[in-house]
Amino acid sequence: MPTVDMHQHLWPESLLAALTRRRVPPCLSGSRLEVAGEPASEIDLAAHDLDTRLALLDRCEIDIAVVSLQPTIGLDEE
């Protein structure tokens with residue numbers, strides 16, 4: 001039976017680029033994420049590199065990962 005991780009967040013390069021272009025929250029300046037109503041926080045962008053994430057899944061022996069956009073980023077309010 002495969003091992004499944006039901007809670008993964010992956011920020012592909014296209015999402016990072018879109019957040020970087022924005023000037024109002026949610027927006028990204030370097031590795032600093034600003035979300036409306038929240039203090040800005042540092043994001044480990046390297047952790048969202050696809051090859052890095054796949055290697056981590058392999059090390060943890062996870063066969064399937066369900067990826068979703070985290071709701072706390074505030075894009076549902078757009």
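**Helix H1**

I looked first at the face of H1 turned away from its buried side and found the exposed residues Glu13, Ser14 and Arg21 there. For the record, I call a residue buried under 20% relative accessible area, exposed over 50%, and partly exposed in between, using a 1.4 Å probe and protein chains only. Helices (H or I, at least four residues) and strands (E, at least two) are DSSP runs that I number from the N terminus.

The model is predicted, so I accept local features only at pLDDT of at least 70 and side-chain atom pairs only at pLDDT 80 or more, while totals for chains, interfaces and linings use all residues. Residue numbers start from 1 along each chain as its sequence is written, and side-chain values use heavy atoms, with hydrogens and water left out.

H1 covers residues 13–21, and I noted Leu15, Leu16 and Leu19 as buried in this helix. Seen down the axis of H1, the buried residues fall within an arc of 100°, so they line one face of the helix. The arc is that of the directions from the helix axis to the C-beta atoms. I then asked what covers these residues, and the cover includes strand E2 (27–29).

I also checked Ala17, which lies in helix H1. Ala17 counts as partly exposed because its relative accessibility is 29%. From the C-alpha atom of Ala17 to that of Ala65 I read 23 Å, with the two positions 48 residues apart along the chain.

**The sheet**

I traced an open sheet of 3 strands in the order E2-E3-E4, with antiparallel pairing. E2 and strand E4 (41–42) are the edge strands, each pairing on one side only. Two strands pair, in my notes, if DSSP finds at least two bridges between them. Between E2 and strand E3 (residues 32–34), which run antiparallel, there are 3 bridges.

Which residue stands opposite Leu33 in E3? Leu28 does. Leu33 is buried, because its relative accessible area is 5%. Leaving out residues up to four places away in sequence, I listed Trp11, Cys27, Leu28, Ala40, Ser41 and Ile43 as touching Leu33; contact here means heavy atoms within 4.5 Å. Val4 is 29 residues from Leu33 in sequence, and the C-alpha to C-alpha separation is 29 Å.

**Loops**

In the loop between H1 and E2 I found Pro26. The peptide bond leading from Pro25 to Pro26 is cis, with omega near 0°.

In the loop between helix H2 (50–59) and strand E5 (64–67) I stopped at Glu61. Glu61 has phi near 55°, a positive value in a residue other than glycine. Glu61 counts as exposed because its relative accessibility is 60%. As background, most residues other than glycine have a negative phi, and most peptide bonds are trans.

His48 sits in the loop between E4 and H2. Is His48 buried or exposed? At 13% relative accessibility, His48 counts as buried. Beyond residues up to four places away in sequence, His48 touches His9, Leu10, Trp11, Ile43 and Arg53. His48 and His9 are 39 residues apart along the chain, and their C-alpha atoms are separated by 7.9 Å.

**The whole chain**

I counted 2 helices and 5 strands in the protein chain. Read from the N terminus, the elements run β-α-β-β-β-α-β. The C-alpha trace spans about 45 × 20 × 20 Å along its principal axes.

Of the 78 residues in the protein chain, 26% are buried. Taking contacts between residues at least 6 apart in sequence, I found that 61% join residues at least 24 apart. The exposed area of the protein chain is about 5,500 Å², of which carbon and sulfur atoms supply 56%. Accessible areas come from the Shrake-Rupley method with a 1.4 Å probe, and for residues only the protein chains shown count as cover.

Last, I looked up the charges: the protein chain has 6 positive and 14 negative side chains, and the centres of the two sets lie 8 Å apart. Lys and Arg count as positive and Asp and Glu as negative, while His and the chain ends are not counted. I placed each charge at NZ of Lys, CZ of Arg, CG of Asp or CD of Glu.
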